[in-house]
Amino acid sequence: MRKEEIRIFCYNLFVIFVLLLGFHYVEVSFGFLAGIIYLVFGVIMLFIFLRRNLCTNCVYYGRYRYTGWGLLTSKLFSKSTGNFKLGSNLAGLTWMVVLIVPLVVILLNYSRLGLYTLLLWISLSIFLMVDHFSHCKTCEMRDRCYGKKVVKYSH
């Protein structure tokens, strides 16, 4: 495996780890069904829905870039089959649900889950956000993507 492939594998493993950890927090607090709903939402939105609606319309379609999602998308969907505007509008909402739902759950059950859990979740969330936005700055799609609205660029 090349260095880039290892990094992409680790990034996606990290995203799956965050989803599984979020599932655990929701499941412990609100039950197995609530945890499954959270996990299924996260997996479908991040690895299927957004890939179809964002990545099929991306210049990185069929290429690795930093997440490998363009290559994954080319294996699942034909080019330009998704709705980029819909994907752009729902990407931020999806990430908010994935990251904020477990945070709210932790805060609601702070006496049960504790400070370590809260700090761990905040650290993981900040890492994902900083990592994502650091790559937005060099992305060829930055002028058309949701990330442009969030991150200020110096040209």
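Select leucine 71 first. Leaving aside neighbours within four places in sequence, leucine 71 is in contact with Gly62, Arg63 and Tyr64. The model on screen is a predicted one. Leucine 71 sits in helix 3, which covers residues 69-76. With a relative accessible area of 23%, leucine 71 counts as partly exposed, because the cut-off for buried is under 20%. Now add threonine 56 and draw a C-alpha to C-alpha distance: threonine 56 and leucine 71 are 9.9 Å apart in space and 15 residues apart in sequence.

Next, show the aromatic side chains. The count of aromatic pairs comes to six. One of them joins tyrosine 25 and tryptophan 121, whose ring centres are 5.8 Å apart with 75° between the planes, an edge-to-face arrangement. Tyrosine 25 belongs to helix 1 (residues 3-30) and tryptophan 121 to helix 5, so this pair ties together parts that are 96 residues apart in sequence. Both tyrosine 25 and tryptophan 121 are buried.

Stay with the aromatic residues and select Tyr11, Phe47, Tyr66 and Trp69. These four form one aromatic cluster.

Go back to tryptophan 121 and display what surrounds its side chain and backbone. Not counting residues within four places in sequence, tryptophan 121 is in contact with Val18, Leu21, Gly22, Tyr25, Tyr38, Val98, Leu99, Pro102, Leu103 and Ile106.

Tryptophan 121 also leads to the nonpolar core. In soluble globular proteins, nonpolar side chains tend to be buried together. Here the largest nonpolar core has 34 residues, and those with the most contacts inside it are Val15, Leu19, Leu46, Trp121 and Leu128. Colour the helices to see where the core comes from: helix 1, helix 2 (32-53), helix 4 (84-108) and helix 5 each give two or more residues to it. Helix 1 gives the most, with nine residues.

The last stop is aspartate 131. Which helix holds aspartate 131? Aspartate 131 lies in helix 5, which runs over residues 110-136. Select aspartate 131 together with arginine 7, the nearest side chain of opposite charge. The two are 5.7 Å apart, and aspartate 131 is buried yet has no salt bridge; a salt bridge needs a side-chain nitrogen of Lys or Arg within 4 Å of a carboxyl oxygen. What does aspartate 131 touch, not counting residues up to four places away in sequence? Its contacts are Tyr11 and Tyr66, and both of these tyrosines belong to the aromatic cluster with Phe47 and Trp69.

Note on methods:
Residues numbered from 1 in each chain as written. Predicted model: local features only at pLDDT ≥ 70, side-chain atom pairs only at ≥ 80, totals over all residues. Heavy atoms only, no water. Helix = DSSP H or I, 4+ residues; strand = E, 2+ residues; numbered from the N terminus. Buried < 20%, exposed > 50% of the residue type's maximum accessible area, 1.4 Å probe, protein only. Lys, Arg positive; Asp, Glu negative; His and termini not counted. Contact = heavy atoms within 4.5 Å. Phe/Tyr/Trp six-rings, centres within 6.5 Å; stacked < 30°, edge-to-face > 60°. Core = buried A, V, L, I, M, F, W, Y, C linked by side-chain atoms within 4.5 Å.
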